[in-house]
Amino acid sequence: MKAGTVGIKKGINNASVDHFTIRIAGRSSHVCNPEKGIDALYIASQIVVTLQSIVSRMTSPIEPVILGVGKLRAGTAYNIVAADAVLEGTTRNVSDENRRRVNKLIEETAHSIAGIYGASAGIEWEDFASVLVNPDEACDEAIVVVKETVGSENVVTNRKIFLSGDDFCEYQKEIEGVYVYLGTGNPDKKGTENPYHTFDFDIDEDVLEIGAAIYANYAKWWLDRE
């Protein structure tokens, strides 16, 4: 978003984030005798390919779901059947129901494919964040304050859902709160319009003053209304 703008969206803003690690235990052999081994690398490859069908064939096309595998490690030499393999990935969902269902399907897929070839699969999960939902009434309050701070023309209320995650949702479980986005892209400052998680990403640090001002103005607005 452009520097100077602030995004406030009611409802779902961010997806849940889970990290999974699948460990395949096979058996090593020489490539000349594949029947004497259990190829963990091949099995892991089959799991990666099959996992993609969960999203394309087993979830609704109108509910956003991401299932991605970003790491696969296996093998010790070019002519040895790999005894072990480890793959890591993530799921992103916008409902708790789908989150449970998709994660269960991943476990079933890994166990089933490993079992077909005589291997075993172990799965570890890390819960990084829940679905982040902004309450309507709290958003209405925040919008009033943000408009006073940056002007109505700089408030973006129709920002699209983005399937990243943020643990601000854990605060929201304890007390009602609003997650807002500070635009930091400035064409006059190098790197500030690049995607984050890239080596040349940067922000327009002048925007940080806007963030601080929103906090201060919201607190003052709340105190003044009492």
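Colleague: What relative accessible area does Asp-206 have?

Modeller: Happy to start there: this is a predicted model in which local features need pLDDT of at least 70, side-chain atom pairs count only at pLDDT 80 or more, and totals for chains, interfaces and linings use all residues. Residues are numbered from 1 along each chain as its sequence is written, and side-chain values use heavy atoms, leaving out hydrogens and water. Buried means under 20% relative accessible area, exposed over 50% and partly exposed in between (1.4 Å probe, protein chains only). Asp-206 falls in the partly exposed class, with a value of 49%.

Colleague: Which residue meets the side chain of Asp-206 in a salt bridge?

Modeller: A salt bridge is a side-chain nitrogen of Lys or Arg within 4 Å of a carboxyl oxygen of Asp or Glu, and here the N to O distance is 2.9 Å, between Asp-206 and Lys-189. The two are 17 residues apart, in the loop between β11 (181–182) and α5. Helices (H or I, at least four residues) and strands (E, at least two) are DSSP runs, numbered from the N terminus. The partner, itself partly exposed at 33%, is Lys-189.

Colleague: How many salt bridges does a search of the whole structure find?

Modeller: Some of them share partners, and in this way Asp-18, Arg-99 and Asp-127 are joined into one network. Searching the whole structure, the number of salt bridges comes to 12.

Colleague: How many residues apart in sequence are the parts that Asp-140 and Lys-10 tie together?

Modeller: The side chains of Asp-140 and Lys-10 form a salt bridge, 2.8 Å from N to O. Asp-140 belongs to helix α3 (residues 136–150) and Lys-10 to the loop between β1 (6–7) and β2 (11–14), so the pair connects parts whose separation in sequence is 130 residues.

Colleague: Is Glu-141, the partner of Arg-225, buried or exposed?

Modeller: The closest N and O atoms of the Arg-225 and Glu-141 salt bridge are 3.4 Å apart. It links distant parts of the chain, with Arg-225 in helix α5 (residues 208–225) and Glu-141 in helix α3, 84 residues away. Arg-225 is partly exposed at 44% relative accessibility. At 15%, Glu-141 counts as buried.

Colleague: Why do the buried residues of α5 line one face of the helix, and within what arc do they fall?

Modeller: The buried residues of α5 are Ile-210, Gly-211 and Ile-214. The arc is taken over the directions from the helix axis to the C-beta atoms. Seen down the axis of α5, these residues are confined to one part of the circle, so they line one face, within an arc of 100°.

Colleague: Which exposed residues does α5 carry on the face turned away from its buried side?

Modeller: On the buried side, the cover includes β1, α3 and β11. The face turned away from that side carries the exposed residues Glu-209, Tyr-215, Lys-220, Leu-223 and Asp-224.

Colleague: What are the edge strands of the open sheet with β1 in it?

Modeller: Two strands pair if DSSP finds at least two bridges between them. The open sheet has three strands in the order β10-β1-β11, with mixed pairing. Pairing on one side only marks the edge strands, β10 (155–156) and β11.

Colleague: Which residue in β11 stands opposite Gly-7?

Modeller: Strands β1 and β11 run antiparallel and pair over two bridges. Opposite Gly-7, in β11, is Tyr-181.

Colleague: Which residues touch the most other members of the largest nonpolar core?

Modeller: A nonpolar core is a set of buried Ala, Val, Leu, Ile, Met, Phe, Trp, Tyr and Cys residues joined through side-chain atoms within 4.5 Å. The largest one has 22 residues, and the elements giving it two or more residues are β3 (16–25), α1 (40–58), β5 (65–74), β7 (84–93) and α2 (96–116). Another core, of 12 residues, lies apart from it and includes Ile-8, Ala-142, Val-146 and Ile-214. Back in the largest core, the members with the most such neighbours are Ile-22, Ile-24, Ile-43, Ile-47 and Ile-106.

Colleague: Which residues is Val-156 in contact with, leaving aside its neighbours within four places in sequence?

Modeller: Val-156 is placed in strand β10 and is partly exposed at 25%. Contact means heavy atoms within 4.5 Å. With those sequence neighbours left aside, Val-156 is in contact with Met-1, Thr-5, Val-6, Gly-7 and Ile-8.

Colleague: What is the phi of His-197, which is not a glycine?

Modeller: His-197 sits in the loop between β11 and α5 and is exposed, with a relative accessible area of 76%. Although His-197 is not a glycine, its phi is positive, at about 65°.
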